[in-house]
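Let's walk through this one together, starting from a piece of sheet and working outwards. Keep the viewer open and follow along.

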Amino acid sequence: MDKTTQRCLLLFLCLSVFVQRSAALVFWTAVVEVVYINNNNETVNKYCECGIYGRNSPLEGVMGVVTLPRGDPRGCGPDPVYNRNGSSPPWIALIKRGNCTFSEKINAAKHQGASGVVVYNYDSTGNTTSHMSHPEAPNIVAIMVGNVLGMDVVRLVQNGMEVQMVIKIGSPHGPWMDSYWLYFLSIAFFIVTAASIAYFVFISANRLYNLRAHKRTERKLKSEAKKAIQRLEVRTLKRGDEETTSDSLMCAVCIDSYKAGDVVTVLTCDHIFHKACIEPWLLERRTCPMCCQAGFAITPL
């Protein structure tokens with residue numbers, strides 16, 4: 001593995017780790033809409049992008065009638081917690097944070113048929129929220145809202161009003177999602193992309209230049225080789241010549257014995273070969289097949 005490949009692999013691994021860690025820090029807000037009819041028989045509609053989807057919640061929208069736990073507002077315990085025993089009509093559990101894990105709260109509502117779960121924060125925390133984790137309670141929409149919104153809805157329900165809640169997907173947020181980071185990442189991406197393109201263009205151009213230079217050199221050497229080959233001694237073997245009478249002498253290119261009438265070429269190193277065999281060899285390799293020395297002398301142009 002060359003250094004360039006190693007660097008590319010290292011860069012890929014670093015980017016993979018960066019993407020994984022960045023994804024873990026990203027969270028999605030939820031748009032919460034509350035609808036109810038007040039004492040004046042007027043429909044009141046309030047909404048805000050004030051919820052946060054749980055880490056293990058599907059990013060989906062959901063709607064239903066807000067339902068509070070019986071007794072303890074925290075919605076903990078193995079026994080039925082709500083005055084519900086099914087999912088029709090759709091209902092959303094509104095639970096206070098604390099006393100048990102998020103997974104236990106969500107599962108208690110899920111097992112009784114809740115379409116979604118809304119957890120509101122501790123008392124005296126205002127509108128603050130957190131990115132709750134509930135790995136043991138997946139596959140149900142679960143969000144957290146601030147204590148102020150949660151208590152407002154609790155009071156409406158406790159006053160006997162039927163409150164409809166609609167939860168919609170909001171926007172992604174994270175340390176790299178604001179405008180500064182987007183601007184920075186855009187510039188960085190442009191620089192890296194431009195540098196990569198410039199690098200590959202340079203490498204491609206350099207390889208193309210070297211390839212053309214090599215072809216020019218090969219053409220020049222072949223041209224000089226043809227001229228040098230024409231200056232080599234060429235003779236026709238006759239009956240009685242040593243090459244035709246010895247069984248140990250043969251053409252090293254075609255591995256065939258010499259016969260009277262064969263046209264042979266004598267190299268500058270005194271080795272002989274069939275003319276038809278050695279000329280293509282010398283054009284490509286320019287060395288003697290037997291001693292690997294220069295088969296002829298090339299006169300510089």
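Two strands count as paired here if DSSP finds at least two bridges between them. With that in hand, look at the open sheet of 3 strands, which come in the order β8-β11-β12 with antiparallel pairing. Its edge strands are β8 (233-236) and β12 (272-274), and each of those pairs on one side only. If you compare neighbouring strands in this sheet, they are turned against each other by 30° on average, ignoring direction. Keep in mind as you look that this is a predicted model.

Now go through the sheet one pairing at a time. β8 and β11 run antiparallel and are joined by 4 bridges. One contact point to pick out there is E233, whose bridge partner in β11 is V266. On the other side, β11 and β12 are also antiparallel, with 3 bridges joining them. V266 turns up again here, standing opposite I272 in β12, while V264 has H274 as its bridge partner in β12. The hairpin of β11 and β12 has 5 residues between the strands, and in that hairpin D270 takes a positive phi near 75°.

What packs on this sheet? Helix α6 (residues 275-284) does, touching β8, β11 and β12, and its direction makes about 105° with that of β12. For a residue-level view, zoom in on T265, which belongs to strand β11 (residues 263-266). Is T265 buried or exposed? Its relative accessible area is 1%, so T265 counts as buried. Leaving out residues up to four places away in sequence, T265 touches L232, E233, V234, H271, I272, F273, K275 and I278. Of these, E233 is the residue bridged to V266, and I272 is the one standing opposite V266.

While you're in this part of the chain, have a look at R285 and W281. The charged end of R285 sits over the ring of W281, 4.1 Å from the centre of that ring.

Next, move to strand β3 (residues 62-67). This one is mostly covered, with 5 of its 6 residues buried. Which strands does β3 pair with? On one hand there is strand β7 (residues 164-173), joined to β3 by 4 bridges and running antiparallel to it. On the other there is strand β4 (residues 91-96), joined to β3 by 3 bridges, and this pair runs parallel. For landmarks, V65 has Q164 as its bridge partner in β7, and V66 stands opposite I92 in β4.

Just ahead of β7 in the numbering you'll find helix α3, and its length makes for a quick sanity check. How far apart should the ends of helix α3 (residues 147-158) be? At 1.5 Å a residue, its 12 residues should span 16 Å, and the end C-alpha atoms are 16 Å apart, so the two agree. The buried residues of α3 are N147, L149, G150, V153, V154 and L156. Just after α3, G160 takes a positive phi of about 90°.

On to the aromatic rings. How many aromatic pairs are there? If ring centres have to lie within 6.5 Å to pair, the count comes to 2. Y82 and W91 make a tilted pair, at 5.2 Å centre to centre with 55° between the planes. Both Y82 and W91 are buried. Y199 and F200, by contrast, form an edge-to-face pair, with centres 5.5 Å apart and planes at 70°. Y199 has 37% relative accessibility, so it counts as partly exposed. F200 comes in at 52%, which means that it counts as exposed.

Finally, zoom out to the whole protein chain. It has 6 helices and 12 strands. Of its 301 residues, 33% count as buried. And if you take the contacts between residues at least 6 apart in sequence, 62% of them join residues at least 24 apart.

Conventions:
Residues are numbered from 1 along each chain as its sequence is written. This is a predicted model: local features need pLDDT of at least 70, side-chain atom pairs count only at pLDDT 80 or more; totals for chains, interfaces and linings use all residues. Side-chain values use heavy atoms; hydrogens and water are left out. Rings of Phe, Tyr and Trp (its six-membered ring) pair if their centres lie within 6.5 Å; planes under 30 degrees apart count as stacked, over 60 as edge-to-face and the rest as tilted. Buried means under 20% relative accessible area, exposed over 50%, partly exposed in between (1.4 Å probe, protein chains only). A charge sits over a ring if NZ of Lys or CZ of Arg is within 6 Å of the ring centre and within 35 degrees of the ring normal. Helices (H or I, at least four residues) and strands (E, at least two) are DSSP runs, numbered from the N terminus. Contact means heavy atoms within 4.5 Å. The expected span of a helix is 1.5 Å times one less than its number of residues. Axes are lines fitted to C-alpha atoms, for helices over the stretch in contact, and angles run from 0 to 180 degrees between N-to-C directions.
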